[in-house]
Amino acid sequence: MPGTRLGGRVAIVTGAGRGIGRSVAMLLAQQGAAVVVNDLGASMDGSGADASPARQVVDEITGAGGKAAVSGADISDHAAAEGLVRGATEEFGRLDILVNVAGILRDRMIFNMTEKEWDDVIRVHLKGTFNTTKFAAAHWRSLREETAQNRIINFTSVSGLHGAPGQPNYAAAKMGICGLTWSSANALAKYGVTVNAISPAAATRMTASIPDERRKNSSAASAPDVRSPDNVAPVVAYLASEASGWITGRVIHSSGYEISLYSNPQPVSRIIGTGPWDVDDLGAQVESSFGPLLKGQG
């Protein structure tokens, strides 16, 4: 039987047919939320479509006594994203939670990457997150509920946060999502919306595609249960709850049984001149002030 932490709340989860999205959708439903399970059912590179993964998740949720509906909307399509948000409110009467998980991979080193490989990843990850966020935000703004407890939970990646060399398109998209998260958190607070981002580490079909030599060592153990996508879902469920209203505009890393809070960007050192810089003087100041902080960091 469903729990009660999210009872009465309605969530959209994109990319919910497989992997982390599926785990999130299942747990939100177990916690009492009605869930719109959105998944185009594309292959990992974004080609094709298959409704069966999303349908299977919905069947599992409803079979366990929960509430769920299928959406095959392509979130990278502006109008389709609008229909996704509208469909959730029509199906369940409201929308409280948006979780943006959907994505694809087109890995290539920067000097070999094609324009299409760049554009497709940016379109799905960054534009897709913008599309759903825009229409959810517009819906909540139109309601102007003083006591609203609305939530947007985006997905970023260590590929962007640490700069994966073979994923320039994916890294750029995921760091763009961080910027979108911070901007949206600042813009939507007055409408009762918190916006945070999750950086996950789990075994999914995406991570399985990355060559072993390009994977960084993880602090978590490599046992399958530790790397399960199910371990990412609990922090999402918490952020989706009304209890999480105190936290917004943050990036949280979830890896195995470990949860980490990333710092938001801020200056770590400053040099201040008294007038226009001479290049040689500026170089000397940069080397003496910034050098000790950066040397040895690789």
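This report describes salt bridges, one helix and one strand residue in a predicted model of a protein.

**Salt bridges around helix α4**

Side chains of opposite charge can pair when their charged atoms come close. In this model the count of such salt bridges comes to nine, and three of them, which involve residues of helix α4 or of the loop before it, are set out in the table below.

| Salt bridge | N to O distance |
|---|---|
| D120 and R106 | 2.6 Å |
| E117 and R108 | 2.3 Å |
| K116 and D120 | 2.9 Å |

The pair formed by D120 and R106, with N and O 2.6 Å apart, ties together parts that are 14 residues apart in sequence, because D120 lies in helix α4 (residues 115–143) while R106 belongs to the loop between β4 (97–100) and α4. Both of these residues, D120 and R106, are buried.

A second partner of D120 is K116, and these two residues both lie in helix α4, four residues apart, which is about one turn of the helix. An α-helix has 3.6 residues a turn, so residues three or four places apart point the same way. The two partners nevertheless fall into separate classes of accessibility: K116 has a relative accessibility of 54% and therefore counts as exposed, the cut-off being over 50%, whereas D120, at 7%, is buried because its value is under 20%.

Which residues are linked with D120 in a network of salt bridges? The network consists of R106, K116, D120 and R123.

The bridge between E117 and R108 likewise joins residues that are not equally accessible, since E117 counts as buried at 10% relative accessibility, while R108, with a relative accessible area of 39%, is partly exposed.

**Helix α9: its start and its kink**

Helix α9 covers residues 279–294, and its N-terminal end is capped by D278, which places a side-chain oxygen 3.0 Å from the backbone nitrogen of D280. Further along, where does the helix have its kink? The kink, of about 30°, lies at S288, shortly before the proline P292.

**A buried residue in strand β2**

Strand β2 spans residues 34–38, and N38 is part of it. With a relative accessible area of 1%, N38 falls under the 20% cut-off and so counts as buried. Leaving aside residues up to four places away in sequence, N38 touches V13, T14, G15 and A16, and also S71, G72, A73, I75 and L84.

Note on methods: Residues are numbered from 1 along each chain as its sequence is written. This is a predicted model: local features need pLDDT of at least 70, side-chain atom pairs count only at pLDDT 80 or more; totals for chains, interfaces and linings use all residues. Side-chain values use heavy atoms; hydrogens and water are left out. The bend at a residue is the angle between axes fitted to the seven residues ending there and the seven starting there. A polar contact is a pair of N or O atoms within 3.5 Å; within protein, one must be able to donate a hydrogen and the other to accept it, and residues adjacent in sequence count only if both atoms are side-chain atoms. A salt bridge is a side-chain nitrogen of Lys or Arg within 4 Å of a carboxyl oxygen of Asp or Glu. Buried means under 20% relative accessible area, exposed over 50%, partly exposed in between (1.4 Å probe, protein chains only). Contact means heavy atoms within 4.5 Å.
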